[in-house]
Amino acid sequence: MSGATALTADDRVVRGARWSLRFSRRALVVSSILAAVLLVLLVAALMIGEYPVTPAALIDTLRGHPPARLDEFFVLGRRLPRSLVAIVVGASLAVAGAVFQSLTRNPLASPDVIGISSGASVGAVVVMVVAHGSLAQAALGAVVGALLVAGVIALFTARSGLHGVQLILTGVALSATAMAVVDYVLTQVFVASATTAQTWLVGSLQGRGWADLVPALVALTLIVPLLVWAAPGARMMALGDSVSTSLGVRTARVRWILLAAATLLVAVAVATAGPISFIALLAPHIARRLAGATSFVAAGLVGALLLLASDLLAQNLFSAPIPVGIVTITVGGAFFLWLLWREGARRG
């Protein structure tokens, strides 16, 4: 895989007989550090909770020799699958956010802002609450809802392209419409079902287990190689369609592939844990600041870190566990207040 963009001082190229691979040394170092921090945080998530697990007991349990049944129950039955779901969902949302921001050249174009997450929510809620479907069926409903919203966005922005104010306004309108549909559906069902759905709509990892991990992990595993293949074209498209086309990029094909891949990632993530806000918007910004450029790998690792850390706080910081979406909304809101303050200070 080769790219036609100019090399920077930080870029490195590995060449074979008929191929070349370009990578950023800074992004590689940052991704390695993020992966190490994520591993440390995962270990902490397996040990901390209402039933503390010692390091020795954790090692024995992971090796298949738990000192007690409670160690096996809490580590392998509850904390490990929940933590892995948080990692996979956080990475999926963050990678999707990085793709949307790269495609649109707009730092606000995350799935939860432009309505993709809301479309997935409508599909999943209708299947779960109205049709009483299973998680797998809800995932399919989320995919359909997200794809429909993505199609409407592409239709309304066909002339102006997937960027600019029109994209944001279209997304905000679609998001508001989708949430109105969700609210209406919830008023037509039993109170217990509506309460469960409302908790899910905030974004929650409560009760997530091994069965919830499989569809999200499969989706991420299948889509990431596609994104790796399309990444060079996406980098050149950041220079503008005319420039990227002159460099040999099939702009329309790459754009549709990236749009479909990111939409599927969001749909499966939303079906798994609900529409968790701000991860897709926040993680790419942090990753770009750390790596110096857009990096899907760094963004995914930051998203995994953010969601796993937020879930740890949601479980242990308060007197009773709260949905993780409440923590991400609080952190995301504080981050954007800081961004607004920084922009005001810069212009002042």
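**A patch, a helix and a cavity**

Visitor: Is V29 buried, partly exposed or exposed, and why?
Guide: Keep in mind that this model is predicted. The relative accessibility of V29 is 44%. Buried means under 20% and exposed means over 50%, with partly exposed in between, so V29 counts as partly exposed.

Visitor: Which residues form a nonpolar patch on the surface?
Guide: Start with V29, which sits in helix α1, residues 25-47. V29 is part of this surface patch, and the patch members together have about 250 Å² of accessible area. The residues you're after are V29, I33 and V37.

Visitor: Over to V113: is this one buried, partly exposed or exposed?
Guide: You'll find V113 in helix α4, which covers residues 111-114. The relative accessible area of V113 is 24%. Buried needs under 20% and exposed needs over 50%, so V113 is partly exposed.

Visitor: Leaving out residues up to four places away in sequence, which residues does V113 touch?
Guide: A contact here asks for heavy atoms within 4.5 Å. With those sequence neighbours not counted, V113 touches L108, G171, V172, S175 and L281.

Visitor: How far apart in space are V113 and G97, C-alpha to C-alpha?
Guide: Along the sequence, V113 and G97 are 16 residues apart. In space, going from C-alpha to C-alpha, the distance is 10.0 Å.

Visitor: Which helices each supply at least two residues of the lining of the second largest cavity?
Guide: There are two cavities of 30 Å³ or more, and the second largest has a volume of about 40 Å³. Its lining is F278, I279, L282, L306, S310, T328 and V331. The helices that each give at least two lining residues are α12 (279-291), α13 (296-316) and α14 (324-347).

Note on methods: Residues are numbered from 1 along each chain as its sequence is written. This is a predicted model: local features need pLDDT of at least 70, side-chain atom pairs count only at pLDDT 80 or more; totals for chains, interfaces and linings use all residues. Side-chain values use heavy atoms; hydrogens and water are left out. Patches are made of residues with over 30% relative accessible area and no salt bridge: like charges are joined within 9 Å, nonpolar side chains (Val, Leu, Ile, Met, Phe, Trp, Tyr) within 5 Å. Accessible areas come from the Shrake-Rupley method with a 1.4 Å probe; for residues, only the protein chains shown count as cover. A salt bridge is a side-chain nitrogen of Lys or Arg within 4 Å of a carboxyl oxygen of Asp or Glu. Helices (H or I, at least four residues) and strands (E, at least two) are DSSP runs, numbered from the N terminus. Buried means under 20% relative accessible area, exposed over 50%, partly exposed in between (1.4 Å probe, protein chains only). On a 1 Å grid over the protein atoms alone, a cavity is a set of points where a 1.4 Å probe fits but cannot get out, and a pocket is an open set with protein on both sides within 12 Å along at least five of seven lines; lining residues have an atom within 4 Å of a point. Grid points are joined across faces, edges and corners, and a volume is the space filled by probe spheres set on the points.
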